[in-house]
Amino acid sequence: MGFVILLIIGAYLLISAGVVAGAILYAQKHGKSAIRWGASAALVMFLIPGWDWIPTVVAHKYYCEKEAGFWVYKTLDQWKAENPGVMETLVANKDAPSTRDGDDTNFTDTYLLNPRINKVVQEHRVSSVIHVFRHEQDVVDAKNNLVMARYVDFRAGYPSGVAGIAPRSAGLAALKFWLVNRNCAGGENNYGEFLQIKRTFQGVGK
């Protein structure tokens, strides 16, 4: 797949070079500004695949600064104090079975960590125009839907690799490697802290 992408990019660069050279020759032949025509042709050829690069970068930065982060609303000790005797009855579900509502780019996954605690993962595209996705994970008390901890991050583009295979709905956007940004600044650290909280609640019966 990577080789095919390189071939496509190489072919487009050759076509672009030909278009720019043609525009310069046309300008010289008709007494026009070769620099202006060449630059205009280069800009058009760049914008065909790259028009969404700047909007994507700006939107990703905006959402990261506005909404991304990690929050603990209730610790395990607080939850145990509010639910006396429940901890001893809970055993972690093997492999945390899950259910999905939605498709590959707009979905809600619910993981049954134990008979009382769920992990809810939600992801959706923030705009139909640009490829920026909001990713949220919550540790939830299934009895009352109370959120104990929350992690929010944003990604841009479609990362390559086994864990980042783009859905068919991505179309040509899946080839735009320059759009890819897997996390907000500090996103990996926030996720690590969230995992610690999740594991604490998941194994409360051990």
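A polar contact is taken here as a pair of N or O atoms within 3.5 Å, where, within protein, one atom must be able to donate a hydrogen and the other to accept it. In this predicted model, Asn83 offers a good place to start. Asn83 sits in the loop between helix 4 and strand 2 (98-102), and its side chain makes such a polar contact with the side chain of Arg116, at 2.9 Å. The Asn83 side chain also reaches the backbone oxygen of Trp79 at 2.8 Å. With a relative accessibility of 12%, Asn83 counts as buried, because the cut-off for that class is under 20%.

Trp79 leads on to the interior. The largest nonpolar core comprises 15 residues, and Trp79, Ile117, Val139, Met148, Phe194 and Phe201 have the most contacts inside it. Helix 4 (76-82), strand 6 (146-156) and helix 5 (187-202) are the elements that each supply two or more residues to this core. Beyond its neighbours within four places in sequence, Ile117 touches Trp79, Val139, Met148 and Phe201, among others, and its contacts also include Asp141. A second, separate core has eight residues, including Cys64, Ile130, Val132 and Cys184.

The surface has nonpolar character of its own. A patch of about 1100 Å² is formed by residues that include Leu43, Phe46, Trp51, Trp53, Phe177 and Trp178. Two or more patch residues come from each of helix 2 (34-50) and helix 3 (53-67), with helix 3 giving the largest share, four residues. Trp53 belongs to helix 3 and has a relative accessible area of 39%, so it is classed as partly exposed.

Note on methods
Residues are numbered from 1 along each chain as its sequence is written. This is a predicted model: local features need pLDDT of at least 70, side-chain atom pairs count only at pLDDT 80 or more; totals for chains, interfaces and linings use all residues. Side-chain values use heavy atoms; hydrogens and water are left out. A nonpolar core is a set of buried Ala, Val, Leu, Ile, Met, Phe, Trp, Tyr and Cys residues joined through side-chain atoms within 4.5 Å. Buried means under 20% relative accessible area, exposed over 50%, partly exposed in between (1.4 Å probe, protein chains only). Contact means heavy atoms within 4.5 Å. Patches are made of residues with over 30% relative accessible area and no salt bridge: like charges are joined within 9 Å, nonpolar side chains (Val, Leu, Ile, Met, Phe, Trp, Tyr) within 5 Å. Accessible areas come from the Shrake-Rupley method with a 1.4 Å probe; for residues, only the protein chains shown count as cover. A salt bridge is a side-chain nitrogen of Lys or Arg within 4 Å of a carboxyl oxygen of Asp or Glu.
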